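Trainee: I should like to understand how the descriptive terms are justified. Please show me the model and let me ask about the terms one at a time.

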Amino acid sequence: MTAVASAFAVRDGGSRQLAGTGTLLRFALRRDRVMIPLWIAVDALMVLSMPNTLEGLYGTAAERTGLVAQMSANSSLRAMVGPLLGDSIGALTAWRAGLYAALLAGMMSLLVVVRHTRDEEESGRQELISSAMVGRRAPLTAALLAAAAANALLALVITVGLAGQGVAGALALGLGIGGVGMVFATMAAIVAQLTESARLARGLTGAVLGAAFVLRAAGDAGTNDGSSVPTWLSPLGWLENTRAYAGERWWVLLLFAAAALLQGAVAYALAGRRDLGMSFFTTRPGPATGRLGSAAALAWRLQRGGVLGWSVGFFVAGAVYGGMVDGATDLVADNDKAREIFTRMGGQSGLTDAFLAATVGMMGLVAALYIVSSVLRLHGEESSGRAEPVLANAVGRLRWAAGHLVIAFGGSALIMVLAGLGFAAGHGRGTGPILGACLAQLPAVWVIGGLAVLLYGVLPRGAVVAWGVAGAALLIGWVGPALDVPQIVLDLSPYGHLPKLPGPHMAWTPVLTLTGIAAVLVAGGLLGLRRRDMTA
């Protein structure tokens, strides 16, 4: 069959291999008309909000020069945000926001590609589409073009928005962030051919993205100019080595292009050598009894990889942030504006506790992404048809959903506990206060998880809106204090009502209120699930 397909492709010049690409691309962009703009908006706003903030923090050349000197001597902060290569506002913007904007671009890209390739095959929709005049490689091409369009738009918005700081630097930063996105888009295209599960494809590509961050961090901890070998081995390291606003290296952009083209070619070659719905690494069938004898056990089997990955990531992140507390507080100790921002984020209980509270709050914001992905696993199981044979047995809907929700809500508690243990290990202070601060984030995390349950149970086709809610909370919590937005805007997020811990005061009323709201949202979602038709 492979030989026949190859001969067919050669005889027809590959034209039939791409038949229907335009239609599939329009369909993909239509399906992602909410998700892609939302990702771009969050990513771009994070970058474009930085110049005004940094001008308020480091308004004079002397302050910026001092910051460069401090960063050169602080290896822990370089590991987290990269080296500071220039003393202009544009260079500070690229340093402070570029790395995390690139991470978001990579995440957006891998989600888009996997959704329109392996997700479509897993759900059976691709088989129906392929029965029409659609070429073998058209779905993959449409997915990559959708990711390319998203990254191009993101690069354009960043370039235009930062042009006032210097067109050359803005273009280098925008193209670099878009380049990172395309590297991981094509990486996801390869992984989608190798694995049989969309969940596994997303997890493995996300693990590669995390490994790229760790590799860059290890390199930047050792050098202050991005010149180490581990930094150059990471696409995130290529971004900082474009040196936006610090003597741009345009040739580094060729690395992004070469990697994307090479990985795309590999993905195309693999796509032509497998049958629809199959993969090169097949999923090992599991037992139908024993450990998988209940709906809860099946839910754990399906989600244990994600729980493990998030747990390790939160513990490591907590340890890293805990280790950099003293260096970060020394960095902002003499800057009134920086101390004010940390106070808004972390409370009035001293600079060290304020920094800890702010970083714990950031971990809580990221935990919302975990709980949304875990809750929406219910939607994935339903839409793919895998829930139907489970519910055909003596398993009720609520019992089936409860297995996944215990993992979603209990898993969020687990990763926050591990984050607290990581903070304590990295900072060397008592475990109790920092662990309590991490657990205090859970009511807000659960409110967003409860909203995801409600959307899935009542309006399953709109369940993707839960990602928007989590992204909005992340944007408000991350950018809002730096922009000095009104308190009424901060209060739109459930995180805005939490007590600032560690600190001397524990406010139980908002914690209990948010927990009650989460319980009501979950109950409403389960009631909707019980009354509606499946796959509605």
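Trainee: What is the accessible surface of the chain, and what share belongs to carbon and sulfur atoms?

Mentor: The accessible surface comes to about 22600 Å², and 67% of that belongs to carbon and sulfur atoms. Such areas are obtained by the Shrake-Rupley method with a 1.4 Å probe, and for residues only the protein chains shown count as cover. This is a predicted model, in which local features need pLDDT of at least 70 and side-chain atom pairs count only at pLDDT 80 or more, while totals for chains, interfaces and linings use all residues. Residues are numbered from 1 along each chain as its sequence is written, and side-chain values use heavy atoms, with hydrogens and water left out.

Trainee: How many helices and strands are there in the chain?

Mentor: The chain has 27 helices and zero strands. Both are DSSP runs numbered from the N terminus: helices are H or I with at least four residues, strands E with at least two.

Trainee: Why is Ser412 called buried or exposed?

Mentor: Buried means under 20% relative accessible area, exposed over 50%, and partly exposed in between (1.4 Å probe, protein chains only). Ser412 has a value of 0% and is therefore buried. Ser412 lies in helix α22, residues 397–427. Of the 536 residues of the chain, 51% count as buried.

Trainee: Which residues is Ser412 in contact with, leaving aside neighbours within four places in sequence?

Mentor: Ser412 is in contact with Tyr370, Ile371, Ile407, Leu442, Val445 and Trp446, where contact means heavy atoms within 4.5 Å.

Trainee: What makes Gly426, also in helix α22, buried, partly exposed or exposed?

Mentor: The relative accessible area of Gly426 is 29%, so Gly426 is partly exposed. Not counting residues up to four places away in sequence, Gly426 touches Ala319, Gly322 and Gly323.

Trainee: How do you know whether α24 and α27 are roughly parallel or antiparallel to each other?

Mentor: Helix α24 (residues 442–458) and helix α27 (residues 508–531) pack at an angle of about 15°, with their axes 7 Å apart. The axes are lines fitted to C-alpha atoms over the stretch in contact, and angles run from 0 to 180 degrees between N-to-C directions. Angles under 35 degrees count as roughly parallel, over 145 as roughly antiparallel, 65 to 115 as roughly perpendicular and the rest as oblique. The two helices, α24 and α27, are therefore roughly parallel.
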